Amino acid sequence: MKNIKDFDLADLQEELVAVGEKKFRAEQIFKWLYVDKVMSFDEMTNLSLDLRNKLKENYTICNYKILKKQESSDGTKKYLFDVLDGNAIETVLMQYHHGKTICVSSQIGCKMGCKFCASTGIKFERNLTPGEIVEQILAVEQDIGDKISNVVFMGIGEPLDNYDNVIKAIRILNNQKGLNIGARHISVSTSGLVPRIYDLANENIQCTLSISLHATTDEKRSSMMPVNNRYNITELMKACKDYIKITNKRISFEYALAKDNNDNLNDAKQLVNLLKGMLCHVNLIPINKIENGQYSKSTNENIIKFRDYLNDNGIVATIRRELGSDIDAACGQLRRKNLKN
Ligand code: SAH
């Protein structure tokens, strides 16, 4: 059976018209799902009994069950959801002054193999569907009884490696007749799949693009991120510049600082050279050491020096506040969970 939440509004209209229903029914269903947030077709009381039965026979409403919930001392919550096929995924809720941000997973497992990330080293299982991505937001909203204001695709998986489903999920989240999360409040983070960066530039979606850069030379970046062997820094930077030209939007570069690896002033200088004149922002992430990982966190002193050097040289840089590390919910700490074994 198909998951009704896998459809964006345009698809749902098409789907219903194809089975002889009126187009406006799609909007009604969309409103039930994403404004009223009902959990069954029976609750969609402005649809005829006949249509409700038809929907029940042909579609499911994917409602996640919370398998586990952990809360950090800083208010961050990590959820483990049962995705109903023997797998489980992690989703993180962060509470900032400006609102609630949810960090969603886009795949079960990840193929990218970044050396510093806990999602690496476990078998890639499959892509999440649009509905399975959207459900992470709905399930968390239901749990906390409050609205999510920002969504970041920074959980498990490479969002641009699941491109079509991620774009569809963004269209569902973004739809004003549904959850109505503004595209400016949605960030997509990529390890640097160059062709997909061009695709995204041409989608006409106002979401923010984050690039996981982490190093300024091919040698170092390849040693940290195997994807750099496929698309090197020159190709990546060209794609970023073209993205800015096409969209007129600022890019956010993520740079995880690892002690004695990429955190000295020479690295900062090279980063300035690479980014000079670009419409961008640098997000410095104190790297989180993973089990058996070769990288450890830079000292606070180095992190601040690094940031100050960038700021003094015309690159806007901020240090990402670390949230949820006590419950393994911080950057790079999420792991794929399998219920089968
Ligand atoms: N696959 C996407 C999104 C997932 S990771 C990407 O690569 O961008 C979200 C961010 O956390 C990325 O910038 C990633 O490089 C970073 N990250 C991964 N492991 C980390 C760790 N151990 N410490 C700090 N940041 C990490």
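**A quick tour, starting at E15**

Select E15 first: you'll find it in helix α1, residues 9–18 (helices are DSSP runs of H or I with at least four residues, strands are E runs of at least two, and both are numbered from the N terminus). This is a predicted model, where local features need pLDDT of at least 70, side-chain atom pairs count only at pLDDT 80 or more, and totals for chains, interfaces and linings use all residues. Residues are numbered from 1 along each chain as its sequence is written, and side-chain values use heavy atoms, with hydrogens and water left out.

Is E15 buried or exposed? E15 counts as buried because its relative accessibility is 17%; buried means under 20% relative accessible area, exposed over 50%, and partly exposed in between, with a 1.4 Å probe and protein chains only.

Now add K2, F7 and Y59 to your selection. E15 is in contact with these three, leaving aside its neighbours within four places in sequence (contact means heavy atoms within 4.5 Å).

Next, zoom out to the whole protein and colour it by secondary structure. You should see eleven helices and 15 strands. The radius of gyration is 21 Å, close to the 20 Å that the globule rule gives for 341 residues, so the protein is as compact as a globular protein of that length. That radius is taken over C-alpha atoms, and the rule is 2.2 Å times the number of residues to the power 0.38.

Switch to the C-alpha trace: along its principal axes it spans about 70 × 40 × 35 Å. Finally, try colouring by burial: buried residues make up 56% of the 341.
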